[in-house]
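Work through the following exercises with the sequence and the coordinates at hand. Each task is followed by a solution that proceeds step by step.

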Amino acid sequence: MKIAVFPGDGIGDEVIGEAVKVLNAALGSSYEYELVKGLIGGAAMAACGEALPARTIAIAEEADAILLGGCGLPGDETMSSDVSATGALLKLRKRLNLFANYRPVKPHRALIGASTLKPEIVRDLDLVVVRETSSGLYFGLPRGISTLPGGERAGTNTLTYSESEVERIARAGFELARRRTGKLTSVDKANVLESMVLWRDVVSQVSREYPDVALSHLYVDAAAMELMRDPKQFDVMVTENLFGDILSDAAAMLTGSIGMLPSATMTYGRKGLFEPVHGTAPDIAGRNVANPIAAILSAAMMLRMSFGLEEEAIRIEQAVDRVLDSGLRTQDIFTPEGELVGTTQMGDAVVAALV
Ligand code: IPM
Ligand code: MG
């Protein structure tokens, strides 16, 4: 098992440090594996002048899986994603054809009270957002900022999907739905956007191969509303890149904290990139307060999805369950009855809880 480890920026270093600690403890000497560290984002810019150096691409290409912390710097919003730290992650997704991003949303039983939604709305919630991550509005051409004849500037991005791109992400959604409760919701904006008319059409065509999966379609605005009103109606949601970015953050808050959410981004086969959904959180970086659970659960997803180590994945997930049941809390999930701990203490506790 060759695992690329890219801590990246902000809290990336701290949370990946804990994930690696847990990974080492879980795999021990029973497995042969190699961790290869690489630089990405601002960390790579500082060391070698570019956010996605050739060396990092090579490590990623040679690895069976990539464990990533976070990628991006404050100020990225003022520059093109072609050169920004944030853009490195997008380029990596594109380069490795990482098109299927899985974001499971499953509030922990001990944290139901940490959600801003009523307990009965989120208790036993279990859904997965399957987000397309290699095309759509993030990558469509033309894009850029140009100057109009009158002298004012105009910004352009393009939402485009080919049939094959929709087909493969639809398949990812159907395959997952088939293994879960057999319910798939495709989220689009077919009432306004031609790209989404095509999306809906292709998803409907693919559905003929999955008679055991009940497919429904929802416009993205209604999907956002329903996600807040009655999230338990959903099982698997499959959607466009930007829609999935927004919906998955919204869905994350159903669990009480985005600090709890892992993700997997797969290409064909078993290769994938595993990262917490939360990003770099520069405001709390370097203070040992970040929640490492999303990173730790991302490592568990990696064992399951890239290496087929279902039992080891479950061991890690159960260790996290036990630690949360015991009342340990980082600040983002803190409630008065809990015991406040830092990043490293949380990681140590998960290691100690592995059985
Ligand atoms: C995510 C993040 C990224 C995205 C950023 C950091 C480029 O928000 O993975 O959800 O927009 O895809
Ligand atoms: Mg996001």
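**Exercise 1.** Determine whether Asp-124 is buried or exposed in this predicted model, and describe its backbone and its place in the chain.

*Solution.* Begin with the relative accessible area of Asp-124, which is 67%; because exposed means over 50%, Asp-124 is classed as exposed. Next, locate Asp-124 in the loop between α5 (119-122) and β5. Finally, turn to the backbone, where Asp-124 has a positive phi of about 70 degrees although it is not a glycine. Most residues other than glycine have a negative phi.

**Exercise 2.** Carry out the analysis for Asn-97, and then state which residues are joined by a cis peptide bond.

*Solution.* Asn-97, which is not a glycine either, has a positive phi of about 60 degrees, and its place is in the loop between α4 (85-95) and β4 (100-105). With a relative accessible area of 27%, Asn-97 is partly exposed. The cis peptide bond joins Leu-141 and Pro-142, with omega at about 0 degrees, and Pro-142 lies in strand β6 (residues 140-147).

**Exercise 3.** Describe the surroundings of Arg-131.

*Solution.* First, place Arg-131 in strand β5 (residues 127-132). Its relative accessible area is 1%, so Arg-131 is buried. Then examine the side chain of Arg-131, which makes a polar contact with the side chain of Tyr-138 at 3.3 Å. Leaving aside residues up to four places away in sequence, Arg-131 touches a set of residues including Arg-93, Arg-103, Glu-240 and Asp-245.

**Exercise 4.** Show how the buried residues of α7 are arranged around its axis.

*Solution.* Helix α7 (residues 194-207) reaches 20 Å from its first C-alpha to its last, close to the 20 Å expected at 1.5 Å a residue. Its buried residues include Met-196, Trp-199 and Val-203. Seen down the axis, the buried residues of α7 fall within an arc of 140 degrees, so they line one face of the helix. They pack against β5, α6 (163-179), β8 (183-188), β9 (214-219), β10 (236-239) and α9 (241-252).

**Exercise 5.** Where does the largest nonpolar core lie in relation to the domains?

*Solution.* The largest nonpolar core has 91 residues, and those with the most contacts inside it are Leu-67, Tyr-102 and Val-130. Its largest share, nine residues, comes from helix α10 (residues 293-305). Domain 1 (1-111 + 257-355) and domain 2 (116-255) both give residues to this core, so it lies between them. As for the domains themselves, 23 residues of domain 1 are in contact with 26 residues of domain 2.

Notes
Residues are numbered from 1 along each chain as its sequence is written. Chains are lettered from A and ligands numbered from 1 in the order in which they are written. This is a predicted model: local features need pLDDT of at least 70, side-chain atom pairs count only at pLDDT 80 or more; totals for chains, interfaces and linings use all residues. Side-chain values use heavy atoms; hydrogens and water are left out. A nonpolar core is a set of buried Ala, Val, Leu, Ile, Met, Phe, Trp, Tyr and Cys residues joined through side-chain atoms within 4.5 Å. Buried means under 20% relative accessible area, exposed over 50%, partly exposed in between (1.4 Å probe, protein chains only). Helices (H or I, at least four residues) and strands (E, at least two) are DSSP runs, numbered from the N terminus. Domain bounds come from an automatic or database domain assignment. A polar contact is a pair of N or O atoms within 3.5 Å; within protein, one must be able to donate a hydrogen and the other to accept it, and residues adjacent in sequence count only if both atoms are side-chain atoms. Contact means heavy atoms within 4.5 Å. The expected span of a helix is 1.5 Å times one less than its number of residues. The arc is that of the directions from the helix axis to the C-beta atoms.
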